[in-house]
Amino acid sequence: MSGIDQNQIVSGIVEVSYSSRKGSHSSSKTTDIYLVKFDGNQRKLIQIQRIGTIGTVVN
């Protein structure tokens with residue numbers, strides 16, 4: 001955080017991987033991609049936008 005100017009808005013890409021399973025069914029792993037914007041003045045995320053899924057793998 002120290003490298004971000006207080007008046008700066010910074011954009012970035014975030015990759016989120018998660019897995020799920022229901023009962024005895026096979027588990028699956030999914031990876032989603034998000035565009036995020038961080039406001040250095042407010043010191044918080046001001047935008048989170050899902051832009052797609054890399055894919056789902058069923059185990």
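**Exercise 1. Salt bridges**

Find how many salt bridges the structure holds, taking a salt bridge as a side-chain nitrogen of Lys or Arg within 4 Å of a carboxyl oxygen of Asp or Glu.

Solution. The structure holds 1 salt bridge. Its members are Asp 32 and Arg 50, with the closest N and O atoms 3.4 Å apart. Asp 32 belongs to strand 2 and Arg 50 to strand 3, so the pair ties together parts that are 18 residues apart in sequence. Strands here are DSSP runs of E with at least two residues, numbered from the N terminus.

The model is predicted: local features need pLDDT of at least 70 and side-chain atom pairs count only at pLDDT 80 or more, while totals for chains, interfaces and linings use all residues. Residues are numbered from 1 along each chain as its sequence is written, and side-chain values use heavy atoms, with hydrogens and water left out.

**Exercise 2. Accessibility of the charged pair**

Decide whether Asp 32 is buried or exposed, then classify Arg 50.

Solution. The classes are buried (under 20% relative accessible area), exposed (over 50%) and partly exposed in between, with a 1.4 Å probe and protein chains only. Asp 32 has 4% relative accessibility and therefore counts as buried. Arg 50, at 47%, counts as partly exposed.

**Exercise 3. The sheet**

Give the strand order of the sheet and the sense of pairing, and state which strands stand at the edges.

Solution. Two strands pair if DSSP finds at least two bridges between them. The 3 strands form an open sheet, ordered 1-2-3, with antiparallel pairing. Strand 1 (9-20) and strand 3 (44-58) are the edge strands; each has a single partner strand, so one side of each lacks a neighbour in the sheet. From one strand to the next, the twist averages 20°, where axes are lines fitted to C-alpha atoms and angles run from 0 to 180 degrees between N-to-C directions.

Next, take the pairs. Strand 1 and strand 2 pair over 12 bridges, and Val 14 has Tyr 34 in strand 2 as its bridge partner. Strand 2 (residues 28-39) also pairs with strand 3 over 12 bridges, where Thr 31 stands opposite Gly 55. Strands 2 and 3 form a hairpin with 4 residues between them, and Arg 43 in the turn has a positive phi of about 55°.

**Exercise 4. Surroundings of Thr 30**

List the contacts of Thr 30 outside its neighbours within four places in sequence.

Solution. Thr 30 is in strand 2, and its bridge partner in strand 3 is Thr 56. With contact meaning heavy atoms within 4.5 Å, Thr 30 touches Val 16, Ser 17, Tyr 18, Thr 53, Gly 55 and Thr 56. Its relative accessibility is 11%, so Thr 30 counts as buried.
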